[in-house]
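This report describes one protein structure for a reader who has not met it before. Please keep the sequence and the three-dimensional view at hand while reading.

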Amino acid sequence: PTMTRGPIHAMHDPTPLRILLVANGFPPGAMGGVETYSRHLALALRRAGHEVSVFCREEAPSRQEGTWRDDDVDGLMVRRVVNNFERVSGFADYYVNLQTETLFTRVLAETQPDVVHFQHAIGLSATLPLAARAAGRPAVWTLWDYWPICPVNTLLLPDLTLCPGSHHPVN
């Protein structure tokens, strides 16, 4: 059979977009799978003509919790927010960080993205998609693991039973 261009190609709009990628880290400081993929995706989107910026967490024990810095990685603007988990007093603090949410809202106002693409929010705040919605910014989320619904990321508890998905008190 002959390959034809499907409806997805017909919907292609060549208008460049402003895209904000959100990740739990970003190279060169963080080099895991999500972080490396996010870098490659950001560079590919930029090569396609889009304006891309990144919002991510970084661990920096020498810097104050909640501070941030802008970094240039391969020509991409990367805002790195420090979260060393110093203010964690309970389970909910791993999922909700209002200081990070405030900084994210500021980045949304500064960058005015056409779309926010979440790669991961671990170490940031699970409230960021809600903040994007409140700011009127469309968002998508690539799900790498089960962190949004299971605190152990794998849906398997230590006894190998399935995680029920409960995040009390942070549901």
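In this predicted model, L160 is found in the segment after β6. L160 has a positive phi of about 70°, although it is not a glycine. Is L160 buried or exposed? With a relative accessible area of 66%, L160 is exposed, because the exposed class begins over 50%. L160 also belongs to a nonpolar patch on the surface, which it forms with L156 and L162. Together, these three residues have about 340 Å² of accessible area.

A positive phi is also found at Q112, which is not a glycine either; here the angle is about 45°. Q112 has its place in the loop between α3 (98-111) and β5 (115-118). Its relative accessible area is 33%, so Q112 counts as partly exposed.

**Overall architecture**

The chain has four helices and six strands. Read from the N terminus, these elements follow the order α-β-α-β-β-β-α-β-α-β. The chain is made of 171 residues, of which 39% count as buried.

A further feature of the backbone concerns two prolines. P27 and P28 are joined by a cis peptide bond, with omega at about 5°. P28 lies in the loop between β1 and α2 (33-47).

**Salt bridges**

Side chains of opposite charge can pair when their charged atoms come close. How many salt bridges does a search of the whole structure find? The search finds 10. Three of the pairs are set out in the table below.

| Salt bridge | Closest N to O distance |
|---|---|
| R39 and D74 | 2.8 Å |
| R63 and E58 | 2.6 Å |
| R79 and D70 | 2.6 Å |

In the salt bridge between R39 and D74, the closest N and O atoms are 2.8 Å apart. This pair links distant parts of the chain, since R39 is in helix α2 and D74 is in the loop between β3 (68-73) and β4 (76-82), 35 residues apart. R39, at 24% relative accessibility, counts as partly exposed. D74 also counts as partly exposed, at 38% relative accessibility.

The side chains of R63 and E58 meet in another salt bridge. R63 has a relative accessible area of 24% and is therefore partly exposed. E58, at 12% relative accessibility, counts as buried, because the buried class covers values under 20%.

Which residue of the pair R79 and D70 is buried? R79 is buried, with a relative accessible area of 4%. D70 has a relative accessible area of 40%, so D70 is partly exposed. Elsewhere, salt bridges that share partners join E58, R63, R69, D71 and R80 into one network.

**Cavity and pocket**

Rolling a probe the size of a water molecule over the atoms shows where empty space is left. In this model, one cavity of 30 Å³ or more is counted. The largest cavity has a volume of about 40 Å³. Which residues line the largest cavity? The lining consists of R18, I19, L20, E51, V52, S53, T111 and P113. Two strands, β1 (18-23) and β2 (51-58), each supply at least two residues of this lining. By residue class, the lining of the largest cavity has four nonpolar, two polar and two charged residues.

The second largest pocket has a volume of about 170 Å³. The pocket is lined by 13 residues, and N24, A30, R57, E58 and E59 are the closest of these to its centre. The lining of the second largest pocket divides into four nonpolar, four polar and five charged residues. E58 thus appears in two settings: E58 is among the residues closest to the centre of this pocket, and its side chain meets that of R63 in a salt bridge.

Conventions
Residues numbered from 1 in each chain as written. Predicted model: local features only at pLDDT ≥ 70, side-chain atom pairs only at ≥ 80, totals over all residues. Heavy atoms only, no water. 1 Å grid on protein atoms, 1.4 Å probe; cavity = no way out; pocket = protein on both sides within 12 Å on 5 of 7 lines; lining within 4 Å. Points joined across faces, edges and corners; volume = space filled by probe spheres on them. Nonpolar A, V, L, I, M, F, W, Y, C, P; charged D, E, K, R; others polar. Patch = residues over 30% accessible without salt bridge, like charges linked within 9 Å, V, L, I, M, F, W, Y side chains within 5 Å. Areas by Shrake-Rupley, 256 points an atom, 1.4 Å probe, with all protein chains shown as cover. Salt bridge = Lys/Arg side-chain N within 4 Å of Asp/Glu carboxyl O. Buried < 20%, exposed > 50% of the residue type's maximum accessible area, 1.4 Å probe, protein only.
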